Amino acid sequence: MSQEIMPDRDDPDYRDEMKDCFKTMSARVHATLRRLTRGDHQLAEDLVHETFIKAWEDWHILRDLTEEERAGWLIRVAVHTAVDVFRHNKTAREKLPKVWAHCRPPESDPHRDALTSIAIKRFIEVTNGMPARRSLVAFLAWRCGWRNREIAAALGITPGRVSQHMKAAGETLRKELGPYVPFEPGDLEGGARP
């Protein structure tokens, strides 16, 4: 199978041919796109640009076509490009509410924010007031997300002892913070994980 030899795009003849094609065909392509985009001049301009980028890439094929064949190719590519844009925009419009619902920031609640700030400050005070080893275990579990076995290995204690520290830390926090405790009673004790 023989390979097609691609012309050098830096060749002045190649560029001049492409410029001539743009001069003679762009208005026709633009008119088609303007009708297709319902008069959106900027979108039509963008689509003409995309069409001629594709034409530049395939000029080695287009240069051998007649003017009418070339016009047909350009209009066909322009219409396909427009359809792709329309589909993309339709999909974006349809998905926008879901994306917005998922990604929008939570509405500001000054009361909740103030209580959260107070609870966090109190949580830190209570945790820092615990015996040193228990405070460190609670910090590694709740702040760093370490598992019991990782804490045990780092501190040279058994995982069972880590669980005891977590249980005691959880009881202290429930007593001191009440309803503002940062974990649910049904969670693994104090959020600890095996």
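When I say that two residues touch, or are in contact, I mean that they have heavy atoms within 4.5 Å of each other. With that in hand, let me begin at A55, which touches M18, L62, W73 and L74 once residues up to four places away in sequence are left out of the count. Please keep in mind throughout that what we are looking at is a predicted model.

Let me step back to the whole chain before returning to that residue. The protein chain has 194 residues, and buried residues make up 28% of them. It contains eight helices and zero strands, so that, reading from the N terminus, the order of elements is simply α-α-α-α-α-α-α-α. If we take the contacts in the chain with a separation of 6 or more, 60% of them are between residues 24 or more positions apart. As for the surface, the chain exposes about 13,400 Å², and 55% of that area is supplied by carbon and sulfur atoms.

Now to the interior. In soluble globular proteins, nonpolar side chains tend to be buried together. Here the largest nonpolar core has 20 residues, and the members that touch the most other members are V29, L33, F52, A55 and L74. Which helices supply at least two residues each to this core? They are α1, residues 12-36, α2, residues 41-57, α3, residues 59-62, and α4, residues 67-103. There is also a second, separate core, this one of nine residues, and V137, L140, A141 and I151 are among them.

Several individual residues help to show how these helices meet, and I will start with A78, which lies in helix α4. A78 is buried, because its relative accessible area is 1%, where the cut-off for buried is under 20%. Apart from neighbours within four places in sequence, A78 is in contact with V29, L33 and T51, and of these V29 and L33 were already named among the core members with the most partners. Along the chain A78 and K54 are 24 residues apart, yet their C-alpha atoms are separated by 9.4 Å.

Turning to helix α1, we find T32 there, and T32 counts as buried because its relative accessibility is 16%. Beyond four places in sequence, T32 touches I75 and V79. T32 and V48, for their part, are 16 residues apart in sequence and 9.8 Å apart in space, taken from C-alpha to C-alpha. H30 is also placed in helix α1, and with a relative accessible area of 8% H30 is buried. Setting aside neighbours within four places, the contacts of H30 are with H41, A44, E45 and V48.

What lies in the loop between α1 and α2 that deserves a second look? The residue I would point to is R38, whose place is in that loop. Most residues other than glycine have a negative phi, and most peptide bonds are trans. R38, although it is not a glycine, has a positive phi of about 55°. R38 counts as exposed, since its relative accessibility is 80%.

Next, the aromatic rings. A search of the whole structure finds two aromatic pairs, and I will describe one of them. F22 and F52 form an edge-to-face pair, with 4.8 Å from centre to centre and 75° between the planes. This pair links distant parts of the chain, since F22 is in helix α1 and F52 is in helix α2, 30 residues apart, and the planes count as edge-to-face because their angle is over 60 degrees. Are the two partners buried or exposed? F22 is partly exposed, with a relative accessible area of 40%, whereas F52 counts as buried at 7%.

Finally, let me move to a later part of the chain, where helix α6, residues 132-143, packs with helix α8, residues 159-177, at an angle of about 90° and with the axes 9 Å apart. That angle makes α6 roughly perpendicular to α8, because angles from 65 to 115 degrees are counted that way. On the α6 side the contact is made by R133, R134, V137, A138, A141 and W142, and on the α8 side by V162, H165, M166, A168, A169, G170 and L173. V137 and A141 also appear in the second core that I mentioned earlier.

Key:
Residues numbered from 1 in each chain as written. Predicted model: local features only at pLDDT ≥ 70, side-chain atom pairs only at ≥ 80, totals over all residues. Heavy atoms only, no water. Core = buried A, V, L, I, M, F, W, Y, C linked by side-chain atoms within 4.5 Å. Buried < 20%, exposed > 50% of the residue type's maximum accessible area, 1.4 Å probe, protein only. Helix = DSSP H or I, 4+ residues; strand = E, 2+ residues; numbered from the N terminus. Areas by Shrake-Rupley, 256 points an atom, 1.4 Å probe, with all protein chains shown as cover. Phe/Tyr/Trp six-rings, centres within 6.5 Å; stacked < 30°, edge-to-face > 60°. Axes fitted to C-alpha atoms, helices over the stretch in contact; angles between N-to-C directions. Parallel < 35°, antiparallel > 145°, perpendicular 65-115°, else oblique.
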